[in-house]
Amino acid sequence: MKALRRYLLPGFMFQSAVIGGAYGTGKEMTEFFLSLGPTGGALALALNTVIWSAVAIASFELARVFKAFDYRSLLRVLLGPFWVVFEALYLILLMLVLAVIAAAAGTILQETFGLPYLTGVIGSMALVGLLVFGGNEVIERVFTGWSTVLYLVYVIFFIWCLRAFGPAIQESFASGVIDGSWINGGLRYAGYNLGILPAAFIAIRHHRSRKDTVISGLLTGPIAMMPAVLFFVAIAGEYPAIVGAEVPVDYMLRLLGSQTFRVVYYVMLFGTLVETGAGMIHAVNERVARAMAERKREISSGMRVACATGLLVAGALISELGLTPLVAKGYGTITWGFVVVFVLPVLTRGVFLCWKKAREEA
């Protein structure tokens, strides 16, 4: 069981952080993938999975070798004084993600349960703060347990759509449509989401060898992308109409016609939104805690809560912009920044530093 924890936990941590908001609502699947056509989107998904696994292997090994389990420590090793560029991008991404979470939660509770929009915004933010307050152990347990729920719901959704819309799905893929550059699509999506990878670094402290980081890194891409693949195939039959939907998953759930499963899906998604926000904020708290430890000080529970509250309030305010513009404009703006300051350096200098360290210790 301990071995499985080392191999699977980083992937579950990353998946839990990356899947909330626009991923879970399906908006990212239509915006970044299905907009390229069924075939183009499938190729972009495959490319994205490979990139995620490659960067996960390199960054996990770098974190293990240099015992850098928060993004500040790892990026200082990787970029030296330029690590602050990554932090600026990460904080911008965090604000966008929290805003998407708040907007999605508000929309879910409003359209599914008839509750005021602000109920979802405030409720999701409060639960994120509560989970962050629990610390490493609580977050690891919740993320692992909820991932089981998430996969079960996605598999049911996939099978149901396959049975209901199988011929349309088959026809859609048979058309072979590629509308735009699938390479660009895969790179863009991989780029900005890899900025969330530091949320998984706390799990690397369980690793004991390079074998652990390589296996867990290889599994991270498929673990994080499997729900996306299931969802993408399930909605492909509705191409191109679904591309313009505000909340694509709701579009599909209404077609399936089961209010009970609609409620189940949104309960799962609401919990996943909370996980995403908690994972990203916890990464900030771990960065602050490490900086304080270097000064022989300890971060207090009150400081953790204050940090989380400030970030949550800012994200909730930004959420008033709405879900579609946040995904279409906000995310795309910082994608290439993460490629330049994290993805490319970790695959080049990061690999070299790990090799150099191994040579020194040989």
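**Exercise 1. The core**

Work out which residues have the most contacts inside the largest nonpolar core of this predicted model, and which element gives the largest share of that core.

*Solution.* Start with the core itself: the largest one has 110 residues. Inside it, Tyr265 and Phe342 have the most contacts. Next, look at where the core residues come from. H6 provides the largest share, 16 residues.

Now zoom in on Phe342. Skip its neighbours within four places in sequence, and Phe342 is in contact with Val55, Ser59, Leu74, Leu75, Leu78, Phe86, Leu194 and Leu197.

**Exercise 2. Helix H6**

Check whether the span of H6 is what you'd expect or not, then find out how covered the helix is.

*Solution.* H6 runs over residues 83-113, which is 31 residues. At 1.5 Å a residue it should span 45 Å, and its end C-alpha atoms are 44 Å apart, so the two values agree. As for cover, 23 of the 31 residues are buried, so H6 is mostly covered, buried here being under 20% relative accessible area. Right after the helix comes Gly114, with a positive phi near 70 degrees.

Take Leu89 as a sample residue from H6. Its relative accessible area is 14%, so Leu89 counts as buried. Which residues does it touch? Leaving out those up to four places away in sequence, Leu89 touches Ile334, Gly337, Phe338 and Val341. You can also compare it with Arg72: the two are 17 residues apart along the chain, and their C-alpha atoms are separated by 13 Å.

**Exercise 3. Helix H4 and the residue after it**

Do the same span check for H4, and say what phi Lys67 takes just after it.

*Solution.* H4 has 28 residues and reaches 41 Å from its first C-alpha to its last, close to the 40 Å expected at 1.5 Å a residue. Of those 28 residues, 20 are buried, so H4 is largely enclosed by the rest of the structure.

Then comes the loop between H4 and helix H5 (71-79), where you'll find Lys67. Lys67 isn't a glycine, yet it has a positive phi of about 50 degrees. Most residues other than glycine have a negative phi, and most peptide bonds are trans. Is Lys67 buried or exposed? Its relative accessibility is 56%, so Lys67 counts as exposed.

**Exercise 4. The second largest pocket**

Describe the lining of the second largest pocket: how many residues, from where, and of what kind.

*Solution.* The volume is about 160 Å³. There are 14 lining residues, and Arg64, Val65, Lys67, His207 and Arg208 lie nearest the centre. Helices H4 (38-65) and H13 (323-361) each supply at least two lining residues, with the largest share, 4 residues, coming from H13. Sort the lining by kind and you get 5 nonpolar, 1 polar and 8 charged residues.

**Exercise 5. Two spots to look up**

Find the cis peptide bond at Pro240, and decide whether Asn193 is buried or exposed.

*Solution.* Go to the loop between helix H9 (210-235) and helix H10 (248-256), where Pro240 lies. The cis bond joins Tyr239 and Pro240, and omega is about 5 degrees.

For the other spot, go to helix H8 (residues 182-193), which holds Asn193. With a relative accessible area of 1%, Asn193 is buried. Not counting residues up to four places away in sequence, Asn193 touches Phe14, Val18, Glu28 and Trp52.

How values were computed. Residues are numbered from 1 along each chain as its sequence is written. This is a predicted model: local features need pLDDT of at least 70, side-chain atom pairs count only at pLDDT 80 or more; totals for chains, interfaces and linings use all residues. Side-chain values use heavy atoms; hydrogens and water are left out. The expected span of a helix is 1.5 Å times one less than its number of residues. Buried means under 20% relative accessible area, exposed over 50%, partly exposed in between (1.4 Å probe, protein chains only). A nonpolar core is a set of buried Ala, Val, Leu, Ile, Met, Phe, Trp, Tyr and Cys residues joined through side-chain atoms within 4.5 Å. Contact means heavy atoms within 4.5 Å. On a 1 Å grid over the protein atoms alone, a cavity is a set of points where a 1.4 Å probe fits but cannot get out, and a pocket is an open set with protein on both sides within 12 Å along at least five of seven lines; lining residues have an atom within 4 Å of a point. Grid points are joined across faces, edges and corners, and a volume is the space filled by probe spheres set on the points. Ala, Val, Leu, Ile, Met, Phe, Trp, Tyr, Cys and Pro count as nonpolar, Asp, Glu, Lys and Arg as charged, and the others, Gly among them, as polar.
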